[in-house]
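Here is a short tour to read alongside the sequence and the 3D view. Take your time with the picture, then come back to the text.

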Amino acid sequence: MTTDTIAESTATPRRRMSRSKLTLRRFLRNKMAVVGACGIVALILIAIITPHMLPWTYDQIDSGHFLKAPDGRHWLGTTQAGRDVLAMTVHGMSRSLIIGFTVAVLQTTISCTLGATAAYFGRWSEKSIMWVIDLFQIIPSFLVIAVIMKGHSTPKNSWLLLALLLAAWGWMMTARVVRSLTLSLKHREYVLAAKYMGLPAYKIIARHILPNISSLLIVDLTLGVGYAILAETGLSFFGFGVMAPDTSLGTLISEGARLATTYPWIFSAPAIVLVILVMCVNAVGDGLRDALDPNSSSGGRA
Amino acid sequence: MARYIAKRLANYVVLLFLAVSAVYFLAASTLNARAVYAVRNPPVDPGVLDAMLYRWNLNDKTPILERYLVWLKGVFTHWDWGFTATGAWVNDDVSIKMWVSLRLMLIGTLAGIIVGILVGAWTATRQYKPSDRAFTGFALLIVCTPSFVIGIASQILAINVNRWTGVTIFEFVGEAGRHGSYFGAVFFDRLQHLLLPTLALLLIQAAFLSRIQRNLMLDSLGEDYVRTARAKGLPKSKAVMKHALRTALIPTGTYVAFSLATMFTGAFYTEKVFSFPGLGAYFVDSLMNPNPHGVVAVTAFSGVCVVCGAILSDIAVAILDPRVRLG
């Protein structure tokens, strides 16, 4: 910065901009991210409002109308069992949304707690946490979750168990990143000052360390929703996830997959909704990353 | 370096042993091999069934710890990974299916890696131009679509192409099918069955990798040494290829090493959608028709692949990164 521009900026006093305002402005400038955010809000509203307004519920069977193509009676057709595809898609979407957000919140909580603990305390706690991370990462999570889900095939609340398992096997990567970031923060002056003032360790982590890596955590949380939804549909596709009569997008896609070449509507409706949902989540995640990144290439503009 | 790798390897062996043992207990306690015979008509005599299950070390009346010890002894003394409920040897199954998975994955993965790196690097040099927007948008769409949806959508497309052209260009059920008797018919038939799944795999792999490579390339294009290279008179293509791309390839190298090692475990969804009887499909079937030994064997195999991948990516960094290689 030259002296000229300093003089200029002091000459015309500008209002100081808070960090959150700055982030919001950067975020709003990104069209993809705004579209994604609107999309997510719209989908959540649809998931909450429409089930009561539709002519059919997701578990209702319209006997005599099996595998019917979309028409006035069933706007998106029916399944082999005579269930309304539109109602099932909306219900499946709300299931997938709930699972996605539950998993993301849980796994980000686990990873920032364990990652920060490992780095802050060091020694045996770091060694043991890193060892647990290695242990969890050595086998593809799909295999373990599938075996456990297969063993507990209770249709009721199967989504909750699935969400817990996905979170239990989804935190390791972020925990590693949190650990390395915490390592670089823990010898900063303000952390040491807080320490010598006698603040307990958990307060130091919560007040001084985690807020400084919050941008990573926010982005991770958002992208985690997308990963969780994809993982959920993947497991449900094989029948190791949400189980009938409950429906998620994955269960519905797997039901449609067998008949996809002859009765494409059962497959295409949930598949399109799923892709839109995950794309929206990812667009928001990417937008947040750019908006929160202090080195972002927004060219000096706020 | 050798000592470091040996130490890590020892740690991995311990981790692998614990993880596989845990999966054994999980699988043996939840998957009851007796269920395979429950649907037999006429029913199998209970005494005979018990004796048979006992012989395969699958009897749920034997305490699980005892079964585990018998299985462990078999693995360590005879490299015997156990039997299925119908008496097939898991070692045979895995050793056949592993190559099916590899045949399915090999071309798609390799081509996907190359295409992904090239597209990623190329779009980075054209940031925000229409071609960049088109490619990155398409890559985002593919990344956000689960692989089974891509597989099924490609099948629907293929059927329409077949119908439209009147020739069966795409075959998508299984690894081989009916074929003529001309020279090379068997080979051609296999290639034809491989075409669609390979395209699907290529698309998935390339989309994923191109996103990573584009970001890395954008970072390295902005570095001072690229500007220096241009400033001292190097043509743009040379500055991009020699100075920017080379450094941007280092992190990709670790990923590539990893995905090469895990290629053997196959792609669960692609195998299932295209009916390739590979390891992934074997694992899913082993859960459906209770076959705990098969589940454990596939898990252990995947674990070994993951370990190999981790070590390979360490080596890849050592080879690619001059700071590690020369330091």
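## A salt bridge across the chains

Let us begin where the two chains meet: A:D286 and B:R211 join their side chains in a salt bridge, at 3.7 Å from N to O. This is a predicted model. How many salt bridges are there between chain A and chain B? The count is 1, and for residue pairs in polar contact, with both at pLDDT 80 or more, the count between chain A and chain B is 0.

On chain A, the side that touches chain B draws at least two residues from each of α5 (123-137), α6 (141-151), α11 (214-237), α12 (249-257) and α13 (264-292). What kinds of residue make up this side of chain A? They divide into 26 nonpolar, 6 polar and 3 charged.

## How much is buried

The contact involves 35 residues of chain A and 39 residues of chain B. Together, chain A and chain B bury about 3300 Å² between them, and 84% of this lies on carbon and sulfur atoms. Which three residues of chain A supply more of its buried area than any other three? They are A:I138, A:V147 and A:F238, which supply 20% of the area that chain A buries against chain B.

## The two chains, one by one

Chain A has 13 helices and 0 strands, so if you walk along it from the N terminus you meet α elements in the order α-α-α-α-α-α-α-α-α-α-α-α-α. The C-alpha trace of chain A spans about 80 × 55 × 30 Å along its principal axes.

Turning to chain B, the secondary structure comes to 14 helices and 0 strands. Its C-alpha trace spans about 85 × 60 × 40 Å along the principal axes.

## Salt bridges over all chains

Counted over all chains, there are 12 salt bridges. Side chains of opposite charge can pair when their charged atoms come close. One pair to look for within chain A is A:E126 with A:R179, whose side chains meet in a salt bridge at 2.7 Å, N to O. This pair links distant parts of the chain: A:E126 sits in helix α5 of chain A, while A:R179 belongs to helix α8 (residues 172-185) of chain A, 53 residues apart.

## A pocket lined by chain B helices

Rolling a probe the size of a water molecule over the atoms shows where empty space is left. The second largest pocket has a volume of about 590 Å³. Of the 23 residues that line this pocket, which are the closest to its centre? They are B:W79, B:W81, B:A300, B:F301 and B:V304.

In chain B, α1 (2-30), α4 (64-78), α5 (90-125) and α13 (292-320) each supply at least two residues of the lining of the second largest pocket. The largest share, 7 residues, comes from α1(B). Is this lining nonpolar or charged in the main, and what does the division look like? The residues of the lining divide into 20 nonpolar, 3 polar and no charged.

Technical notes. Residues are numbered from 1 along each chain as its sequence is written. Chains are lettered from A and ligands numbered from 1 in the order in which they are written. This is a predicted model: local features need pLDDT of at least 70, side-chain atom pairs count only at pLDDT 80 or more; totals for chains, interfaces and linings use all residues. Side-chain values use heavy atoms; hydrogens and water are left out. Contact means heavy atoms within 4.5 Å. Buried area is the accessible area (1.4 Å probe) that two parts lose on being put together, summed over both. A salt bridge is a side-chain nitrogen of Lys or Arg within 4 Å of a carboxyl oxygen of Asp or Glu. A polar contact is a pair of N or O atoms within 3.5 Å; within protein, one must be able to donate a hydrogen and the other to accept it, and residues adjacent in sequence count only if both atoms are side-chain atoms. Helices (H or I, at least four residues) and strands (E, at least two) are DSSP runs, numbered from the N terminus. Ala, Val, Leu, Ile, Met, Phe, Trp, Tyr, Cys and Pro count as nonpolar, Asp, Glu, Lys and Arg as charged, and the others, Gly among them, as polar. On a 1 Å grid over the protein atoms alone, a cavity is a set of points where a 1.4 Å probe fits but cannot get out, and a pocket is an open set with protein on both sides within 12 Å along at least five of seven lines; lining residues have an atom within 4 Å of a point. Grid points are joined across faces, edges and corners, and a volume is the space filled by probe spheres set on the points.
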